[in-house]
Amino acid sequence: MGVVTCEFEVTSPVTPTRLFKAFVLEGAKSVELEGDGKPGSIVKINFVEGLPFQYLKHMIGRHDENNLSYSYSLIEGGPLGDKLEKISYENQFVAAASGGSVCKSSIKFYTVGDYIITEDEIKALIRRSEVVYKAIEAYLLANTDACN
């Protein structure tokens with residue numbers, strides 16, 4: 001198993017608090033929880049139509065509402081396929097100097113066996129993450145009462 005780490009940022013006109021709530025607390029069609037919701041619990045998130053994945057299974061790392069940060073590992077569904085064992089994310093929403101917010105992400109890709117993930121595959125996976133991010137952003141912009 002290999003591990004590749006990358007960093008990326010996405011900007012948004014939406015406030016950090018609303019984005020945090022949408023991503024961590026309210027941004028799914030339905031959620032199934034295995035465990036008590038604390039670190040180590042498994043969460044299956046079923047998404048609304050229009051996103052690139054129907055569902056994802058995460059193992060909860062940490063959620064810090066004071067710092068608008070959270071971590072989790074994607075362990076099933078979405079982009080994993082047969083080449084990735086898991087993808088671990090650490091995300092934080094911060095205020096942007098010009099208003100809105102910046103989502104700062106650190107992502108670790110854990111490959112299966114001796115598979116070596118390419119830079120193009122990493123870029124494609126990040127683009128898919130950005131599609132989900134922008135879809136949630138679009139929902140929040142269209143529904144100004146959501147996640148307040």
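Trainee: Leaving aside its neighbours within four places in sequence, which residues is His63 in contact with?

Mentor: A word on the model before we look: it is predicted, so local features need pLDDT of at least 70, side-chain atom pairs count only at pLDDT 80 or more, and totals for chains, interfaces and linings use all residues. Residues are numbered from 1 along each chain as its sequence is written, and side-chain values use heavy atoms, with hydrogens and water left out. Contact means heavy atoms within 4.5 Å. On that basis, and without the neighbours within four places, the partners of His63 are Val24, Ser69, Tyr70 and Ser71.

Trainee: What is the C-alpha separation of His63 and Val24?

Mentor: His63 sits in strand β4, residues 55–64. Val24 is 39 residues away from His63 along the chain, yet their C-alpha atoms are separated by 7.9 Å.

Trainee: His58 is also in β4, so is His58 buried or exposed?

Mentor: The cut-offs are under 20% relative accessible area for buried, over 50% for exposed, and partly exposed in between, using a 1.4 Å probe and protein chains only. His63, at 41%, counts as partly exposed. His58 has a relative accessibility of 10%, so it counts as buried.

Trainee: In what order do the elements of the protein run from the N terminus?

Mentor: Helices (H or I, at least four residues) and strands (E, at least two) are DSSP runs, numbered from the N terminus. There are 2 helices and 7 strands. Their order is β-α-β-β-β-β-β-β-α.

Trainee: What is the radius of gyration of the protein?

Mentor: This quantity is taken over C-alpha atoms, and the globule rule is 2.2 Å times the number of residues to the power 0.38. For 148 residues the rule gives 15 Å, and the protein is as compact as a globular protein of that length because its own value is close to that, at 15 Å.

Trainee: Which element gives the most residues to the largest nonpolar core?

Mentor: A nonpolar core is a set of buried Ala, Val, Leu, Ile, Met, Phe, Trp, Tyr and Cys residues joined through side-chain atoms within 4.5 Å. The largest one has 36 residues, and Leu84, Ile87, Phe93, Ile107, Phe109 and Leu140 touch the most other members. Several elements each supply at least two residues, among them β1 (3–12), β6 (84–95) and α2 (119–142). The top contributor, with 7 residues, is α2.

Trainee: Which residue of helix α1 does Phe93 touch that in turn touches Val94 and Ala95?

Mentor: Not counting residues up to four places away, Phe93 touches residues including Leu19, Phe20 and Pro16. Pro16 lies in helix α1 and is buried, with a relative accessible area of 11%. Besides Phe93, its contacts beyond four places include Val94, Ala95 and Gly100. The residue you want is Pro16.

Trainee: Where is Val112 found, and which residues does Val112 touch beyond four places in sequence?

Mentor: Val112 is in the loop between β7 and α2. With a relative accessible area of 40%, Val112 is partly exposed. Not counting residues up to four places away, Val112 touches Asp82, Lys83, Leu84 and Glu85.

Trainee: How far apart are the C-alpha atoms of Pro16 and Asp82?

Mentor: For scale, the C-alpha trace spans about 45 × 35 × 30 Å along its principal axes. Pro16 and Asp82 are 66 residues apart along the chain, and their C-alpha atoms are separated by 34 Å.
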